Structures are given as C-alpha cells and as structure tokens.
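Me: Please take a close look at one part of this protein, its nonpolar interior and the strands and rings that go with it. I would like one connected account.

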Amino acid sequence: MIARRRLAGLAVVLPALAAAALTPHSSARAEDGLEPFVPLLVELPGWKAGKPGGVAMRDDGSRIVMVQRGYARGEIHVSVQLLAGPPAQSRLATSGTGLKTEASHGPISASTIDGFKVTRTFQASDKSGTIIVALGPAAALSLAFKGLGEDEALTTAKGFDWKAMQAALK
C-alpha cells in the first residue's frame, strides 16, 4: 500500500520536476542567451560575414559559451569562435608555452599581444592556421583561417575587440 502511494506521488511529481527543469526562468534566458555575445563577432571591413550562431548556457554556476561566425573574401575563409567554459579550456590546453614549437601540422608560437596570451599555428603550404587568444583561464577567441598570410590573419584577429570579449565572458 505504501509503495503504491509513493508510485502515485512520483507519477505526479516527476513530470512537474521535468517541466520545471526544462523551462528556464525568464531571468536566465536574458542573462544566458547569445544576445550579449553575438555583437562581439563584428562585421569586418572587406569580408562577407555569415550569420552568427551557437549556444550559451549556465548550469549551477558554470557557463558554456560557443558562438561562431564565418567570414569569406573570395576563396579565403575565416571561422571565428568565442568560447567560455570547457570548450575554451580545451582550446587553451593546446596553447603553447611561449616557445616556438614544431608540430606535425606546422609551427606553434605563443606570445603576448596587447596583454593577451596569443598562440598561433601556421602552415605555409596552404596558408592555413589558427590564432587562439586567451581571454581568461576559461575564455578564448579562436580564429581558424585558410588562404591568409600569417600577418594578415593576426591583423584580422585584431579586428575584434578582445577587451570587450574578455569583459563579456567574465
């Protein structure tokens, strides 16, 4: 008899709990949506920008942000991601140590630019590589490119406001 009452109670409570868990509070929607991050992936002069997309959420104090936008200029393509939480930590773990390193996919170099740790890879054969800007211990800007020279890729990355991104991801 007691077991039946518990099962009946669970049959009423579980759907309500599931609905509450799946329906975010209105303050959470405003705070955790993509709206604060999308404007940071600006239009770049001379580039055709794709539609930004991604996901931003917060769960028990941890935040995950993955916002992406593609850019094209003729046959040249650039993909930019703004990351926070585990996706950023994963990307930052691949960053260099400040030394020039040779890897199978090309040289890796790390330096400090405008107060930010910047890690770059570049493969001269097809002018491709990545630039990762550490915006914090769990926040990063990642720019992957193909068809650009190394200096032009860095100039493109500097077209984004790293300090505004850092502030938005705190």
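Reply: What follows starts with the chain as a whole and then goes into the core, its aromatic pairs, one central strand pairing and one buried charged residue.

The model is predicted. The chain has five helices and nine strands, arranged along the sequence as α-α-β-β-β-β-α-β-β-β-β-β-α-α. Of its 170 residues, 35% are buried. The exposed area comes to about 10,100 Å², of which carbon and sulfur atoms supply 60%. Among contacts between residues at least 6 apart in sequence, 45% join residues at least 24 apart.

The largest nonpolar core contains 34 residues, and Tyr-71, Ile-131, Leu-135, Phe-160 and Trp-162 have the most contacts inside it. Two or more residues each come from β3, β4 (76–84), β7 (116–123), β8 (128–136), β9 (139–146), α4 (150–157) and α5 (162–168). β4 gives the largest share, five residues. Another core, of six residues, lies apart from this one; Leu-83, Ala-88, Ile-132 and Ala-134 are among them. In general, nonpolar side chains of soluble globular proteins tend to be buried together.

Two aromatic pairs involve residues named above, out of three aromatic pairs in the structure. Tyr-71 and Phe-160 pair edge-to-face, with 5.9 Å centre to centre and 70 degrees between the planes. Tyr-71 belongs to strand β3 and Phe-160 to the loop between α4 and α5, so this pair ties together parts that are 89 residues apart in sequence. Tyr-71 counts as buried because its relative accessibility is 2%, under the 20% limit. Phe-160, at 3%, also counts as buried. The pair of Phe-116 and Trp-162 is edge-to-face as well, because the ring centres are 5.6 Å apart and the planes stand at 85 degrees. Here strand β7, holding Phe-116, is linked to helix α5, holding Trp-162, and the two residues are 46 apart. Both Phe-116 and Trp-162 are buried.

Next comes the strand β8. Seven of its nine residues are buried, so β8 is mostly covered. β8 runs antiparallel to β7, with six bridges joining them, and antiparallel to β9, with eight bridges. On the β7 side, Thr-121 stands opposite Thr-130 of β8. The hairpin of β7 and β8 has four residues between the strands, and Lys-127 there takes a positive phi near 50 degrees. The hairpin of β8 and β9 has two residues between its strands, and Gly-136 has Ala-139 in β9 as its bridge partner. Ile-131 touches, not counting residues up to four places away in sequence, a set including Val-118, Leu-141, Leu-143, Phe-145, Ala-153, Leu-154 and Ala-157.

Last is Arg-69, placed in strand β3 (residues 62–73). Is Arg-69 buried or exposed? Arg-69 is buried, because its relative accessible area is 9%, under the 20% limit. Its side chain makes a polar contact of 2.7 Å with the side chain of Glu-43. A polar atom of the Arg-69 side chain also lies 2.6 Å from the backbone oxygen of Leu-41. Leaving out residues up to four places away in sequence, Arg-69 touches residues including Val-42, Ala-49, Gly-50, Pro-52, Val-78, Ser-79 and Val-80, besides Leu-41 and Glu-43.

Methods:
Residues numbered from 1 in each chain as written. Predicted model: local features only at pLDDT ≥ 70, side-chain atom pairs only at ≥ 80, totals over all residues. Heavy atoms only, no water. Buried < 20%, exposed > 50% of the residue type's maximum accessible area, 1.4 Å probe, protein only. Polar contact = N/O pair within 3.5 Å; in protein donor to acceptor, adjacent residues only side chain to side chain. Contact = heavy atoms within 4.5 Å. Core = buried A, V, L, I, M, F, W, Y, C linked by side-chain atoms within 4.5 Å. Areas by Shrake-Rupley, 256 points an atom, 1.4 Å probe, with all protein chains shown as cover. Pairing = 2+ DSSP bridges. Phe/Tyr/Trp six-rings, centres within 6.5 Å; stacked < 30°, edge-to-face > 60°.
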